[in-house]
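Please open the structure in a viewer and keep the selection tool at hand. The tour below proceeds one selection at a time.

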Amino acid sequence: PLGHVVVVGGGFAGLTAAKYLRDWSMGNLKVSLIEPNPQFISCPQSNLVLGGSKRMDDLSFSYALARKQHGIDWIQDSVTSVDLDHKQVRLSRGNLAYDRLVIAPGVDFNYSKIAGMSEPVPDIPHAWKAGKQTLQLRQQLESMPDGGIFVMTIPAGPYRCPPGPYERACQVAHYFKHHKPRSKVIILDANADIVSKKGLFLQSFQGAYQGIIEYHNNSEILQLDVLSKTVKTDFESVQADVFNVIPPQLAGKVAQIAGLNNVDQRWCEVDFVSYASAIAPEVHIIGDSISAGLPKSAHMATSQAKICAAAIIDLQTGQAPNPLPVFANTCYSFVDDRQAIHVANVYRYDPAKKSMVAAEGGGVSSKASVQEGEYAQAWAENIWADTLT
Ligand code: FAD
């Protein structure tokens, strides 16, 4: 046996790491995975539930196959603290010792940064983790009268899934266009610009959704009134019928509790060759929690997981990990029920910059198409199969 790896979080990053740690070590590593949720719910495609072309059932999967096929010790629980000195994690049922720890808890939300909404408000869902809140937001859109206003606020980056809010705006506008044509989508973006697929999103905002979507950049929330669902920015005051506040984000709570979020007290610094934490070398961090300057996507999370798994096996067998990792990221966004757009890049490790750097020649669509919609569906089915079976 090569030792015991404990993985915290059964999302895209953690589950992929657990699977490949078992497979690539030929079963010689013991791998325990801790995840509180009874099933896997995919954020990718969850905006389509808001548009009405997908149901939550289409995005909800059992963990059973991944557990059984790869011999992962599954612990349905939450990690409440990490003892870095004694190499143990604490669960509600007791302590678990590790030789190496992989932390993959996704993102946490920072409400203290929102003036007027210092904590979650039950009827203002973020729906930025797919699940109950996705359904709640869809139900709010269904109950809203024609002529109503949907307001979405986007936090200053970095946040999970850079194109996600703009895909969401298109999905809600698609629903309005066909069912509530007098309604509007107002996007209040704290950022100066759309950072991903800008030209392509603007084609939709100014084309198919002209008169429905209003986009405002540099629109940081100055004050928010949760009772009247009114938000004030530098330029205006807007009242929502359906209010979708996406809060500022930081590394998942367990990374904060362990004190590993050393970049701006938000994100975790890692070595991109092994994903070892800059603070604790036997702790590896992957997925949305890391500080990377890279988009926080499911595709990135699974790519990082594979590099991390290979590196852990090398380290546990006394070898040096591959010094020059390479991976790709493709990100599709649906602009209606059938058409999608994409951006694709290859990232290579740059030893001088100690960072993953996008190679020249990445690609973006020239326009939205049904064919890309089919590719987007295939992408989703492939990543679900790779992660969950
Ligand atoms: P997660 O997938 O969130 O997994 C984290 C897991 O850790 C969770 O299961 C959680 O329960 C568990 N956990 C947390 N704390 C603990 C604890 N203390 N103990 C035990 N377990 C814990 N990406 C794409 O590539 N393509 C897309 O089209 C796309 N669309 C998106 C659309 C939306 C609306 C959103 C919100 C995101 C989208 N993303 C997309 C981004 C993608 O969902 C994330 O980047 C990805 O989920 C990150 O993976 P992760 O494993 O880091 O986090």
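Helices and strands are here DSSP runs, of at least four residues for a helix and at least two for a strand, numbered from the N terminus. The model is a predicted one.

**First selection: a loop with a positive phi.** Select the loop between β13 (213-216) and β14 (223-225), where asparagine 218 is found. Asparagine 218 is not a glycine, yet its phi is positive, at about 45°. Most residues other than glycine have a negative phi, and most peptide bonds are trans. Is asparagine 218 buried, partly exposed or exposed? Because 13 C-beta neighbours lie inside 10 Å, asparagine 218 counts as partly exposed.

**Second selection: another such loop.** Proceed to the loop between β23 (340-350) and β24 (355-358), which holds lysine 354. Lysine 354 has a positive phi, near 55°, and is a residue other than glycine. Lysine 354 has 10 C-beta neighbours inside 10 Å and therefore counts as exposed.

**Third selection: a cis peptide bond.** Select glycine 157 and proline 158: the peptide bond from the former to the latter is cis, with omega near -5°. Proline 158 belongs to the loop between β11 (149-154) and α5 (164-179).

**Fourth selection: helix α9.** Select residues 370-388, the 19 residues of helix α9. At 1.5 Å a residue, α9 should span 27 Å, and this agrees with the 27 Å between its end C-alpha atoms. Which residues of α9 are buried? They are Glu372, Gly373, Ala376, Trp379, Ile383, Thr387 and Leu388. These buried residues cover an arc of only 130° around the axis, so they lie on the same side of α9. Turn the view to the other side of α9, where Val370, Gln371, Ala378, Glu381, Asn382 and Ala385 are exposed.

**Fifth selection: α8 against α9.** Keep α9 displayed and add helix α8 (residues 298-316). Two packed helices are described by the angle between their axes and the distance between the axes. The axes of α8 and α9 come within 11 Å and cross at roughly 35°, and the crossing is left-handed. To view the meeting place, select Ala298, His299 and Thr302 in α8 together with Ile383, Asp386 and Thr387 in α9.

**Last selection: an annotated domain.** Select residues 4-121, where UniProt, in an unreviewed entry, places the feature "domain: FAD/NAD(P)-binding". Over residues 4-121 the chain is 21% helix and 34% strand. The end C-alpha atoms of this stretch are 41 Å apart.

Notes: Residues numbered from 1 in each chain as written. Predicted model: local features only at pLDDT ≥ 70, side-chain atom pairs only at ≥ 80, totals over all residues. UniProt positions renumbered as here; feature names shortened; annotations may be inferred. Expected span 1.5 Å × (residues − 1). Buried ≥ 20, exposed ≤ 12 C-beta atoms within 10 Å, placed from the backbone. Arc of directions from axis to C-beta. Axes fitted to C-alpha atoms, helices over the stretch in contact; angles between N-to-C directions. Left-handed = near helix turned anticlockwise from the far one by under 90°. Contact = placed C-beta atoms within 7 Å.
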